[in-house]
Amino acid sequence: MIGGGVVTSLFNSAVLAAISTDNHTALAPTGPQAQHIFNDYKAFYTVCIIVYVLTVAIALIASRRHRQDTDGHKGEAHPPLPPPQLQLDPTREAKMTFWVNVCIAATVLILFGLLFVDFSTARAIHQFSSKPGAVNIVVTGHQWWWEVRYDDEHPQNVFTTANEIHVPTGRPVKIVLQAADVIHSFWVPNLTGKKDMIPNHSTELWFQADKPGIYWGQCAEFCGFEHAKMRLFVIADPPEVFDGWLNAARTPSRPPLEQIQKQGQQVFMLKQCSMCHTIGGTPAGGRVGPDLTHVMNRYTLAAGAIRNTPGQLAGWILDPQVIKPGCRMPQNNLSPHDLQALLEYLRTLQ
Amino acid sequence: MKRLNRFPLAALAIAMPLAVWSCKREERSFRVQPPAADTTDKVIVSKLRAGQMMATTTQRAATEPSGGPIAPPPPGIAPASKPSAGLVHNGYEENAYAVGEGNRLYLAYNCVGCHFHGGGGIGPPLMDDTWIYGSNPEQIFATIVEGRPNGMPSFRGKIVDYQVWQIVAYVRSMSGMLSKDVAPGRDDHMAGAPPPNSMRYQPPQWSTVGTIR
Ligand SMILES: [Cu+2]
């Protein structure tokens, strides 16, 4: 039994260590919420370890003691059991009752203590920061990608992007969570806890990134075929860098200059692409897939399924169903020339 | 006692193959050869184009290539209560997943903006028995790909073929033409029309709208 316990806890630590990369773990908090959660985790972990060790130790002692009682008969056949003792020793009985009561009381107290820690953590996480200058973002979960809209009091500044959320460090970020089809769950462990995204019902959360970096997120509610490939990235930059990104992201796409790029734009507008994708500054206004206005500025394509390289992009456009089977983008039957032109055009979407 | 025990076993033995067999209607393939992939060429498309005056049924019949899939029956003869089997067999009509996809795409490509949930608005209703351009799969395919003169836009090149066939299957489910175990159930939104799997079969009729106009 003890061996089993040791193996289990070793195994748990090994798993924890294996999955802990620095940018996708709740054990390396980078914001106030994540810090609260980490403290909560530490409190639980410490208390549980202590209780576990005590319980195992007591069980061990008890089993040793029992063995001493019957140990005099080594080598012989086990003697017949003594008749059951109906007369109990009243002092011993009282002592045992006392200790059992102490243990029950301790358990109740510890559980209430943990409950209290839990409640205060939840309160702390959900209290909206009083710091001014929050960034307002609406994130909509789609099967199997994230639509990200940056809200602004000036409507001309509102824009939409996908799968990668840029935020400034040191400023609170308020995120309104929505879902377009089924329930998804927003989870960026370095920054905050999970929150479900529910169709026809907005939920909210906020976080703040204290250090620049790229933090990985992942849909945390099973949502269909490609749930596992529904990655998300929060890119925290110093405020100046973020403002530069913001200004670039607000502009519509630049019109293509070269002949082949113009042809590529024609392909995009006349073929099926424009039914599903939006490119700011062009007639393409589809809302089925991600906004491609500045798609070349993203690190990955298809919610982290592939890197954003020309070859991967070409493969994705021709046959997304190999990369992400079941995803909502169909195979596209394009002639080599059309594909080449299209790729040249997409390259201009910076 | 023994007999009683045998009964559930026998039931299980019957149910298992049935369950496996009925999984077929839920089969999902993502890299599909669309059913009848080459039908775009086979479908004989109306000579009518947007902007052209709507002809009467008789005139329209006369202008169609003879035997063309959208040639209506001559006037005066009652339309068949069930459509003759179309030119093509749309395999998606036996697959619940594909019809569900058709449903999703019907919303995604905004057919719903003109036809609503089948009840019609700018476009004619699709859940009734009246068909201006025919109810066979290849006729509906032609309607979507070619467009129709009185305001139905052409989606040629805008929707990949296999998705059009999925939409075709869904459109037909709206008037109860698909079997009920395949047709979509109700969705989560405001209930308008009954869901396709509760739809009474609507024997397609040729519309008389064309002759009135
Ligand atoms: Cu998911």
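**Exercise 1. Is A:His227 buried or exposed, and where in chain A does A:His227 lie?**

Step 1. Check accessibility. A:His227 has a relative accessible area of 15%. Buried means under 20%, exposed over 50%, and partly exposed in between, with a 1.4 Å probe and protein chains only. A:His227 is therefore buried.

Step 2. Place the residue. A:His227 sits in the loop between strand E9 (213-218) and strand E10 (231-237) of chain A. Strands (E, at least two residues) and helices (H or I, at least four) are DSSP runs, numbered from the N terminus.

Step 3. List the partners. Contact means heavy atoms within 4.5 Å. Leaving aside neighbours within four places in sequence, A:His227 contacts A:Trp144, A:Gln218, A:Cys219, A:Ala220, A:Glu221 and A:Phe222.

A note on the source: this is a predicted model, in which local features need pLDDT of at least 70, side-chain atom pairs count only at pLDDT 80 or more, and totals for chains, interfaces and linings use all residues. Residues are numbered from 1 along each chain as its sequence is written, chains are lettered from A and ligands numbered from 1 in the order in which they are written, and side-chain values use heavy atoms, with hydrogens and water left out.

**Exercise 2. Describe how domain 1 of chain A meets domain 3 of chain A.**

Step 1. Set the bounds. Chain A is divided into domain 1 (2-24 + 132-249), domain 2 (32-70 + 88-129) and domain 3 (259-346). The bounds come from an automatic or database domain assignment.

Step 2. Take the area. Domains 1 and 3 of chain A bury about 1600 Å² between them, 52% of it on carbon and sulfur atoms. Buried area is the accessible area (1.4 Å probe) that two parts lose on being put together, summed over both.

Step 3. Find the main contributors. A:Trp145, A:Glu164 and A:Lys229 supply 29% of the area that domain 1 buries against domain 3, more than any other three residues.

Step 4. Look for charge pairs. The interface of these two domains has 1 salt bridge. A salt bridge is a side-chain nitrogen of Lys or Arg within 4 Å of a carboxyl oxygen of Asp or Glu. A:Glu147 forms a salt bridge with A:Arg287, with the closest N and O atoms 3.3 Å apart.

**Exercise 3. Which residues form the salt bridge between chain A and chain B?**

Step 1. Size the interface. 19 residues of chain A are in contact with 17 residues of chain B. The two chains bury about 1400 Å² between them, 56% of it on carbon and sulfur atoms.

Step 2. Name the pair. The count between the chains is 1 salt bridge. B:Glu101 pairs with A:Arg328, the closest N and O atoms being 3.2 Å apart.
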